[in-house]
Amino acid sequence: MWVIAFILGWYIMKRIFTKEKISLEYLDPLFIYTVLATMLGARLGHVLFYQSELIQEDFFSIFLPFSFKNGLEFTGFQGLASHGAAIGIIIGMYLYRRKYKYKTLLWILDRVVISVASGAVFIRIGNFINSEIIGKESGDFPLGVRFIQDFYNKYEAVRITGIKNVQKAYDTIASNPELLEKVPYRHPAQLYESFCYIFVFFILGYFYSKTKKRDQSGFLFGLFLILLWTIRFFVEFVKEPQGEEYINWFGLNTGQWLSIPFILIGLYFMFIYKPKSAVK
């Protein structure tokens, strides 16, 4: 789903560049900066905000898709934080703007967030498919989903079924009423977010294409921050913790506290910020 998110984002930015008569020679570098900034920011964000013990216990697993703690094991990149991705994208766009000076930083951010919103839809769908970022137990709530891959890790699935093929082992569990009954129903928090992000994308698209707000420097960027992180703030109430909760004050978790500054920054750019010069 990450691939779909990035390709769709590239296509959206290409349409924006074409519409605004910006040379497409700037598009591919923007794409590269965005991909690297997103992935690096998301990974480092997860480590810093949720799993800082990796810095001492398994440092190289931060940057490589392997765990070295108990021997060499391929794990993939387990743990990507959207707050870190957001910070990474902002820094990445700043670095990109320093090299390519055809427009202001906020002009770029005002347009890039439209692509980011579309990509967020598919990334959360990918999280759902992979049983990542699961919700809390939902009880009798009608939208509850059983996340088999979260309840039984791949080693346990192979052990209890006696089937070495991991996917077939999970399929066997899914068709075994006794094993399946142990898996609780949970909120599909990933799909809640994905569904809401569709509206974020269309709202941003409306203000960009149908109003003059696209010419108000920072407005779309601020609107994006408010919409996306407000959604994230409320969905956090039905999500399981993503790691060690370093910040857990007044009944709010780490993800919620990290979302608040983004919302405040969004309010600043929407209603207070005044550019020194008009966007050209």
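Residues 189–207 have end C-alpha atoms 27 Å apart, and the span is 100% helix and 0% strand. Helices (H or I, at least four residues) and strands (E, at least two) are DSSP runs, numbered from the N terminus. This is a predicted model, in which local features need pLDDT of at least 70 and side-chain atom pairs count only at pLDDT 80 or more, while totals for chains, interfaces and linings use all residues. Residues are numbered from 1 along each chain as its sequence is written, and side-chain values use heavy atoms, with hydrogens and water left out.

The UniProt record, an unreviewed entry, places the feature "transmembrane region" at residues 30–50, 76–96, 108–129, 189–207, 219–235 and 255–273; such annotations may be inferred rather than shown by experiment. Two of these spans are set out below.

| Span | End C-alpha distance | Helix | Strand |
|---|---|---|---|
| Residues 108–129 | 32 Å | 100% | 0% |
| Residues 189–207 | 27 Å | 100% | 0% |

The largest nonpolar core has 43 residues, and those with the most contacts inside it are Phe17, Leu30, Tyr102, Ile108, Leu204 and Phe224. A nonpolar core is a set of buried Ala, Val, Leu, Ile, Met, Phe, Trp, Tyr and Cys residues joined through side-chain atoms within 4.5 Å. Two or more residues come from each of α1 (2–19), α2 (27–50), α4 (82–99), α5 (105–129), α10 (189–210), α11 (219–235) and α12 (254–271). The most come from α11, with 11 residues. Leu30 touches Met13, Phe17, Met93, Tyr96, Ile108 and Val112 (heavy atoms within 4.5 Å), residues up to four places away in sequence not being counted. A second, separate core of nine residues includes Ile148, Ala157, Ala169 and Leu180.

The second largest pocket holds about 290 Å³ of space. A pocket is an open set of points on a 1 Å grid over the protein atoms alone, where a 1.4 Å probe fits, with protein on both sides within 12 Å along at least five of seven lines; lining residues have an atom within 4 Å of a point. The volume is the space filled by probe spheres set on the points. Among the lining residues are Tyr11, Arg15, Lys19, Phe201 and Tyr206. α10 gives the most to this lining, with six residues.

Two residues other than glycine have positive phi. Lys21, with phi near 60°, is in the loop between α1 and α2. Lys21 is exposed (over 50% relative accessible area, 1.4 Å probe, protein chains only), at 76%. Ile133, with phi of about 55°, is in the loop between α5 and β3 (145–146). Ile133 counts as buried (under 20%), at 15% relative accessibility.
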